[in-house]
Amino acid sequence: MENKMTHSASIINVRLAWKIVWVVVYGITAFYTYLSFTDMAHMMKWMMYAMAWMAGGMLAEAIVGLVYHCCGKDGNGCH
């Protein structure tokens, strides 16, 4: 019983870690977006950085979500 509970806690920690990663990625996106409004001379450069971070972050989040979905809820099918 203890092993199953430890495994569940491990899955929760992994999911929490991924949530923290996405918060950081979207935080960087917000940072670049904010810079684009404060530095008008380089607005396009900062907006391109923001769009690249947003697109990359969304793609990475979708891929990780798909992998977790394909592996099953508890990750037993992952190799």
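These legends go with a set of close-ups of a predicted model.

**View 1. The whole chain: two helices and zero strands.** Buried residues make up just 15% of the 79 residues here. The accessible surface comes to about 6300 Å², and 74% of that belongs to carbon and sulfur atoms. Looking at contacts with a separation of 6 or more, 61% come from residues 24 or more positions apart.

**View 2. Tyr32 meets Trp46.** The protein's aromatic pairs number five. Here we zoom in on Tyr32 and Trp46, whose ring centres sit 5.7 Å apart with planes at 20 degrees; that angle is under 30 degrees, so the pair counts as stacked. Tyr32 belongs to helix 1 (residues 2–38) and Trp46 to helix 2, so this pair, 14 residues apart, links distant parts of the chain. Both partners are buried: Tyr32 has a relative accessible area of 18%, and Trp46 has 17%.

**View 3. Trp46 again, this time with Tyr49.** These two rings go edge-to-face, at 5.5 Å centre to centre and 70 degrees between the planes. Trp46 and Tyr49 are three residues apart in helix 2, so about one helical turn separates them. Tyr49 is partly exposed, at 38% relative accessibility. Pull back a little and ring pairs link Phe31, Tyr32, Trp46 and Tyr49 into a cluster.

**View 4. Met51, a residue of helix 2 (residues 43–71).** With a relative accessible area of 48%, Met51 is partly exposed. Its C-alpha atom is 10.0 Å from that of Ala30, and the two residues are 21 apart along the chain.

Conventions:
Residues numbered from 1 in each chain as written. Predicted model: local features only at pLDDT ≥ 70, side-chain atom pairs only at ≥ 80, totals over all residues. Heavy atoms only, no water. Helix = DSSP H or I, 4+ residues; strand = E, 2+ residues; numbered from the N terminus. Buried < 20%, exposed > 50% of the residue type's maximum accessible area, 1.4 Å probe, protein only. Contact = heavy atoms within 4.5 Å. Areas by Shrake-Rupley, 256 points an atom, 1.4 Å probe, with all protein chains shown as cover. Phe/Tyr/Trp six-rings, centres within 6.5 Å; stacked < 30°, edge-to-face > 60°.
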